[in-house]
Amino acid sequence: MGVALSLGRRGLGRVWPNPNVGCVIVKDGRVIGRGWTADGGRPHAEARALAGIDAAGATAYVTLEPCAHHGQTPPCSAALIAAGVTRVVIAADDPDPRVSGKGIAMLEAAGIDVVTGVRGAEARVDLAGFLSRVTQNRPFVTLKLASSFDGRIATAIGESKWITGPAARRAVHAMRARHDAVLVGAGTVRADDPTLTVRGLGVTRQPVRIVASRGLDIEAKALRATTDEAPLWLCHGAGASLADWQGEGVETVLCETAEGAIDPVDMMKQLADRGLTRVFCEGGGRLAASLLGAGLVDDIVGFTAGLALGAEGTPSIGAMARGPLADVARYRLVETQQIGPDLMHRWARN
């Protein structure tokens with residue numbers, strides 16, 4: 001199962017709206033087949049692992065309950081049955097109503113021995129985006145903050161390139177590649193004119209770039225110039241001027257607004273409805289505050305540099321209307337690592 005989990009991780013950021021699943025086929029003590037969900041979500045891991053092998057009498061290790069419904073491809077449970085597999089070991093159950101329990105029932109009805117829950121906690125971490133989309137109707141959200149030691153993302157005059165070093169920036173590109181989409185607010189686009197693509201890693205499938213801008217009052221020159229490299233989605237409110245974006249190869253996403261800004265809860269619902277399972281938010285401060293305030297941030301990744309910019313610098317998180325300290329959501333420290341001269345620390349919501 002450990003091998004199957006590692007294979008499944010290869011699909012992170014590459015298989016939405018489908019889950020990133022890994023599968024290993026073992027027969028007579030030997031691994032005879034391996035597979036993971038292909039880019040774009042098909043073929044599924046089980047189909048790839050079974051291709052070209054004799055799996056009669058074998059055991060299949062799968063990180064998620066095999067599907068039981070006909071979609072663009074036949075059910076994976078049926079494929080395992082047809083291949084003559086006699087035992088299936090599953091890490092995590094699939095909560096999708098089209099599958100939930102049905103895949104296991106199909107296997108057992110065919111006389112296959114089914115074992116569930118093997119390294120299930122690890123599988124649920126790897127599949128968190130898919131599980132969040134199915135059970136909460138929103139993607140899994142990672143908030144990345146690269147800041148000075150005193151929590152600033154720019155100087156008083158708006159200078160922000162570069163607070164952290166090249167090693168940290170390369171690590172961020174790798175994180176982008178493991179998410180379906182990269183999200184920023186209008187302020188970040190105005191200040192930095194970013195491309196938001198993954199660079200320097202040789203990736204063949206770029207994440208969707210998303211800008212949250214109620215009125216679409218942005219130029220976004222770098223984003224406009226790279227729509228042939230990576231998709232660009234614009235989340236906006238009613239009344240936004242769409243004329244400037246016609247024929248640009250851009251998808252516009254109408255979202256509800258609240259208090260003069262895009263409603264983050266509705267925005268995440270809209271993104272989930274379009275198939276996204278994992279979103280990597282890179283700021284700015286106002287967007288970060290809205291996501292945190294709405295309880296939508298699952299992981300926080302901080303890159304802290306060894307310099308201080310003072311109170312006059314731009315804070316990494318904007319103003320938040322907060323009640324008592326006891327009511328503030330807490331995150332638990334998962335990982336720390338020195339990357340170049342900077343400190344990376346990752347936190348997961350309790």
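These legends describe close-up views of a predicted model.

**View 1. Helices α3 and α4 pack against each other.** Helix α3 spans residues 76-83 and helix α4 spans residues 102-109. Their axes come within 9 Å and cross at roughly 20 degrees. Angles under 35 degrees count as roughly parallel, and α3 and α4 are therefore roughly parallel to each other. The crossing of the two helices, α3 and α4, is right-handed. On the α3 side, the contact is made by Ser77, Ala78, Leu80 and Ile81; on the α4 side, by Gly103, Met106 and Leu107. Five of the residues in this contact of α3 with α4 are nonpolar, two are polar and none is charged.

**View 2. The buried face of helix α4.** Gly103, Ile104 and Leu107 of α4 are buried. Seen down the axis of α4, these buried residues fall within an arc of 100 degrees, so they line one face of the helix. The elements covering the buried residues of α4 include helix α3 and the strands β4 (87-92) and β5 (113-116). Gly103 and Leu107 are also among the residues of α4 that contact α3. After α4 comes Gly111, which has a positive phi near 85 degrees.

**View 3. Helix α6 and its surroundings.** Helix α6 covers residues 128-136, and its residues Ala128, Gly129, Phe130, Leu131 and Ser132 are buried. The buried residues of α6 pack against one helix, α5 (120-126), and against the strands β3 (59-64), β6 (140-147) and β14 (278-281). Asn137 comes just after α6, in the loop that leads from α6 to β6.

**View 4. Asn137 and Asp193, two non-glycine residues with positive phi.** Asn137 has a phi near 55 degrees, a positive value in a residue other than glycine. Asn137 counts as partly exposed because its relative accessibility is 32%. Asp193 is not a glycine either, and its phi is positive at about 45 degrees. Asp193 is found in the loop between α8 (186-192) and β9 (208-212). With a relative accessible area of 32%, Asp193 is partly exposed.

**View 5. The cis peptide bond from Trp16 to Pro17.** The bond from Trp16 to Pro17 is cis, and its omega is near 5 degrees. Pro17 lies in a loop with helix α1 (2-8) on one side and strand β1 (22-27) on the other.

**View 6. The cis peptide bond between Gly283 and Gly284.** Gly283 and Gly284 are joined by a cis peptide bond with an omega of about 5 degrees. Gly284 lies in the loop between strand β14 and helix α11 (285-293). Strand β14 is also among the elements that the buried residues of α6 pack against.

**View 7. Glu259 in the loop between β12 and β13.** Strands β12 (257-258) and β13 (261-262) flank the loop in which Glu259 is found. Exposed means over 50% relative accessible area, and Glu259, at 82% relative accessibility, therefore counts as exposed. Glu259 and Val141 are 118 residues apart along the chain, and their C-alpha atoms are separated by 22 Å.

Conventions. Residues are numbered from 1 along each chain as its sequence is written. This is a predicted model: local features need pLDDT of at least 70, side-chain atom pairs count only at pLDDT 80 or more; totals for chains, interfaces and linings use all residues. Side-chain values use heavy atoms; hydrogens and water are left out. Axes are lines fitted to C-alpha atoms, for helices over the stretch in contact, and angles run from 0 to 180 degrees between N-to-C directions. Helices (H or I, at least four residues) and strands (E, at least two) are DSSP runs, numbered from the N terminus. Angles under 35 degrees count as roughly parallel, over 145 as roughly antiparallel, 65 to 115 as roughly perpendicular and the rest as oblique. A crossing is left-handed if the near helix is turned anticlockwise from the far one by less than a right angle, and right-handed if clockwise. Contact means heavy atoms within 4.5 Å. Ala, Val, Leu, Ile, Met, Phe, Trp, Tyr, Cys and Pro count as nonpolar, Asp, Glu, Lys and Arg as charged, and the others, Gly among them, as polar. Buried means under 20% relative accessible area, exposed over 50%, partly exposed in between (1.4 Å probe, protein chains only). The arc is that of the directions from the helix axis to the C-beta atoms.
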